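Let's take a walk through this protein together, going from ring contacts to cores and then to a few single residues. Keep the 3D view open as you read.

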Amino acid sequence: MRISPPHDHFLQLTTKENLGRSSGIILQKEALSIMKTVEAQSSRENIEAGHLFRPTDSNFEKLKMDRETALDQMWELIDYGLATQLFEIKYDADVGELRLVTFLVGLPGGMPLEEPYKLLIGRSTEHLYQYIQNKRILTEETWRTVLNQLAEIDYKEDGPGDELDRLLDPKQFPLQPSKEMLTRSRGLILDELASETKVIVLPHIGFYFLPESEAANFLNIANEYLMTKVEPLAKAFDSEIRLALDRLFSPGSGDVEINEIEIIRAKVETLYGFKETLKEHGFYAFIHNLKKVTEIAAKFAEVEKKKEVDRLLKVYMKMLDSQFDFDSRLLRINLEKDDEHNLVIVDLLRKNPKVLSAEWHDADSKIAVFVNNNQNNIKEINTLIYQNYRFTTEHILYLKAILELNEKELKPIFKDDEFVKTYGKNLQAVYFNYIPWFYKLFYFLGITPIVNSGYAKAKSILTFLQMDRQFLYQKRRENFFKKKLREREERLEKEKKQQLKKALVSALTDAYFTKNCLPSVDWLGMNYPAFSAETLEKMIPDFAFLSTTGKSIKPHSIILFPNSPEFDSLNKRLKDLLNQWIRGEVDPPKEDPELLVQMRNLL
């Protein structure tokens, strides 16, 4: 059997007829037997169905050859450019494993192999995606491990190997495969996997499936690294990045209701705009993968928001259809209520052709009013107001706003004498609340002109009252947005402190349990630039972190986890590690052994 690998022509194959004419080579009986079988199975239909010649012992037996002879003749066919090795990755869902299936493919009738080859690659990618979706679901622990690697400024795509590295190991093939085939195939599969929105692709490390429901949580975890390491260093090596990031969410700018996902997304999008700079200096892989997570988290949040809005809209529409609850039939929504869904619901109701709407300013709030666009319904509401509400509420004014704003559409309703009569009595009851008492006397005396002038005065008072309330509403809105902006800045500051706390815990965990070193103030500042000595000096008393130099923070101070129940498990783990270092069971850091004892005593 030949030892050296054949020259694999990959997709640039020829036929035995062309080979005979160009070089005069005639195949041996065994090679010819294999070639005939390969040609018979290398049809387009078989390639599409995956029914190609597989170099297995059972197939060699059918050809009446031992394995060594068959492989020797296959070597010859590949070397002459009559055949090539291709593969398909298959996923066995029952056992949850991937396997590599290799084929020997020829070129019957001069049929090009490019398209069938890509078909095999596409199917392999699909099977690999199914495996990742089922068996490689990203967990919080794995995500932190991944981020620890990605957040290194000198991150390189190297590691223990991903699934493709293991599957496409040349040893998995009967004969040494074409290097071009392996390189190109791997590249195509990686590109297709990377285009999948829910797959995190880390070449030579691993592939992970990102559950939509966990994306926001993973985004917040990544933000710890973004805030403390990536963002400060990116600002340091490019002034344009620093200016672009500093312009985001500056005090007094933007939407006061912006949420955490949108804040992180804006930062990531800004940094991604400098991807060439990031590729040159570092962090491109971190931002590239984080961009995918932000898009999934934002999309999932939007879907969840829409579900909630749709649910609330159904509730409101059902209320408008009610035949028994007056407050539901004449629906009011307070536009000043601090509910993020309110304005969306109001907008959808206004656009609904089955609903009529208007606005009215109460004494202390602006109200959106809605009724079903049904004249019988409006007549019944008018009657109910007369029977139950005309002397005690402003319900008739809500209905008046509906009728006046939708006058053209509701014009036929005023041809109903009974409706007009009842509506007039309702308005009369309200108007008498806005004019002097003696107009009632003129009403009972039947002096109509004077009463009508009183009604006109009441209308005028109501009009000016609405104008005045509109002005007060604008003032309230200004104060509301100022308050919300203030609250937002306070909330962001509070959240930033909490994120810094989580990030510091993560940095300490990384130092002690991964990098086997002591996290001094100098070490933290070098590896996590957001943790300056000044920042740590504020954080230690705020969150009860421990320091080997107490409240006085020095460059050589070692920071430990807070001594509180929340960190019992981490402190126990650290104490065990310190004991192992002190006893020499694990190679300790280079610092003075007495420092390790001091740290253990602090715990």
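The charged end of K229 sits over the ring of Y528, at 4.8 Å from the ring centre. Please keep in mind that this is a predicted model. A second charge of this kind belongs to R573, which lies over the face of F513, 3.8 Å from the centre of that ring.

F513 also has an aromatic partner, but let's start with the count for the whole structure: a search finds 17 aromatic pairs. One of the pairs joins F326 and Y389, whose rings are stacked, with 4.5 Å from centre to centre and 20 degrees between the planes. F326 belongs to helix α15 (residues 326-329) and Y389 to helix α17 (residues 375-389), so this pair ties together parts that lie 63 residues apart in sequence. How buried or exposed are the two partners? F326 counts as buried because its relative accessibility is 7%, while Y389, at 23%, counts as partly exposed.

Now back to F513, which forms a stacked pair with F561: here the centres are 6.4 Å apart and the planes differ by 15 degrees. F513 is part of helix α21 (residues 448-514), whereas F561 lies in the loop between β9 (559-560) and α24 (568-583), so the pair ties together parts 48 residues apart in sequence. F561 has a relative accessible area of 0%, so F561 is buried. Elsewhere, ring pairs link F414, F419 and Y423 into a cluster.

From rings we can move on to the nonpolar cores. Which residues touch the most other members of the largest nonpolar core? They are W143, F286 and I287, in a core of 40 residues. At least two residues each come from α7, β3 (199-202), α10 (215-237), α11 (239-247), α12 (260-272) and α14. Of the contributors, α10 gives the most, with nine residues. Why does this core lie between two domains? Both domain 1 (16-138 + 148-172) and domain 2 (210-307) give residues to the core, and therefore it lies between them. If you centre your view on W143, look for its contacts with L138, F218, I221, A222 and V293, leaving aside neighbours within four places in sequence. Another core, of 37 residues, lies apart from this one, and its members include V505, V521, F531 and L574.

A helix to look at down its axis is α16 (residues 342-351), whose buried residues are N342, I345, V346 and L349. In that view the buried residues of α16 fall within an arc of 100 degrees, so they line one face of the helix. The general background is that an α-helix has 3.6 residues a turn, so residues three or four places apart point the same way. On the face of α16 turned away from the buried side you will find the exposed residues L343 and K351. What do the buried residues of α16 pack against? Their partners are α14 (284-320), β5 (331-334), β6 (355-361) and β7 (366-372).

Let's finish with three single residues. L120 is found in helix α6 (residues 114-135) and is buried, with a relative accessible area of 2%. Not counting residues up to four places away in sequence, L120 touches I47, L52, L86, F87, E88 and F103. M74 is 46 residues from L120 along the chain, and their C-alpha atoms are separated by 21 Å.

Q466 is in helix α21, and its relative accessible area of 14% makes Q466 buried. Leaving aside neighbours within four places in sequence, Q466 is in contact with W360 and H361.

E157, by comparison, is found in a loop, the one between α7 (140-150) and α8 (163-167). With 47% relative accessibility, E157 counts as partly exposed. Leaving aside neighbours within four places in sequence, E157 is in contact with P203 and H204. For a long view across the model, select E157 and N388: they are 231 residues apart in sequence, and 76 Å lie between their C-alpha atoms.

How values were computed:
Residues numbered from 1 in each chain as written. Predicted model: local features only at pLDDT ≥ 70, side-chain atom pairs only at ≥ 80, totals over all residues. Heavy atoms only, no water. Buried < 20%, exposed > 50% of the residue type's maximum accessible area, 1.4 Å probe, protein only. Helix = DSSP H or I, 4+ residues; strand = E, 2+ residues; numbered from the N terminus. Arc of directions from axis to C-beta. Contact = heavy atoms within 4.5 Å. Phe/Tyr/Trp six-rings, centres within 6.5 Å; stacked < 30°, edge-to-face > 60°. Lys NZ or Arg CZ within 6 Å of the ring centre and 35° of its normal. Core = buried A, V, L, I, M, F, W, Y, C linked by side-chain atoms within 4.5 Å. Domains from an automatic or database assignment.
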